[in-house]
Amino acid sequence: MADQEELYKELDRGKVLTIEVEADSRIALFARATMALSRIMVQPNNLKTVERHEIEVVDDTDIEMMHDILGAALNVFRSGFIWLDAEVEDRGGPIVVWLVGERYDPDRHGLLTEIKGVQERQMVVENKDGKWRTRITFDISAGAEVDPAVQ
């Protein structure tokens with residue numbers, strides 16, 4: 001899933017960080033948004049694909065699904081794991097996300113932005129003209145910066 005093209009576009013940064021992610025399919029949108037979260041938080045250089053963490057989410061709407069996937073991925077990071085890649089499977093109800101990476105090591109992995117939470121109330125997930133798009137707003141720590149070269 002991970003590739004060299006831009007994963008997300010930053011729309012606004014202040015007390016919150018708002019990004020937009022586009023993809024060709026719903027499943028690809030979930031994967032790209034999960035990858036964007038990782039890239040916002042930690043520089044990808046020096047990341048290895050050593051282990052996998054599984055997240056399974058079942059919700060009624062795509063907005064709830066996106067919110068819960070990103071919230072669960074953020075909790076995985078808080079438990080000390082950062083991912084280089086995300087693989088997503090739709091099981092006809094549950095969505096399963098495998099985060100592929102390694103234990104977070106602050107000496108090797110440069111922290112870029114501290115994400116405190118994912119806002120659901122302003123989230124958008126839509127399919128327009130065959131293109132899937134989401135707008136996500138993250139609560140961030142004051143002064144949190146992103147190196148644009150990492151996007």
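A residue counts as buried when its relative accessible area is under 20%, as exposed when that area is over 50%, and as partly exposed in between. By this scale R26, with 21% relative accessibility, is partly exposed in this predicted model. Its partner in a salt bridge is D90, with 3.0 Å from N to O. D90 is likewise classed as partly exposed, at 36% relative accessibility. Because R26 belongs to helix 1 (residues 26–41) and D90 to strand 4 (residues 81–90), the pair ties together parts that are 64 residues apart in sequence.

Salt bridges can be followed further, as the whole structure contains 12 of them. One of these links E89 with R91, whose closest N and O atoms are 3.5 Å apart. Both partners are partly exposed: E89 has a relative accessible area of 31%, and R91 one of 41%.

A further salt bridge brings together the side chains of R108 and E102, at 2.4 Å from N to O. Here the two partners fall into separate classes, since R108 is partly exposed at 30% relative accessibility, whereas E102 is buried at 8%. In addition, K9, E20, E126, R133 and R135 are joined into one network by salt bridges that share partners.

Attention turns finally to S141, which is found in the segment after strand 7 (131–140). With a relative accessibility of 17%, S141 is counted as buried, because the limit for that class is under 20%. Apart from neighbours within four places in sequence, S141 is in contact with E114 and K116.

Note on methods. Residues are numbered from 1 along each chain as its sequence is written. This is a predicted model: local features need pLDDT of at least 70, side-chain atom pairs count only at pLDDT 80 or more; totals for chains, interfaces and linings use all residues. Side-chain values use heavy atoms; hydrogens and water are left out. Helices (H or I, at least four residues) and strands (E, at least two) are DSSP runs, numbered from the N terminus. Buried means under 20% relative accessible area, exposed over 50%, partly exposed in between (1.4 Å probe, protein chains only). Contact means heavy atoms within 4.5 Å. A salt bridge is a side-chain nitrogen of Lys or Arg within 4 Å of a carboxyl oxygen of Asp or Glu.
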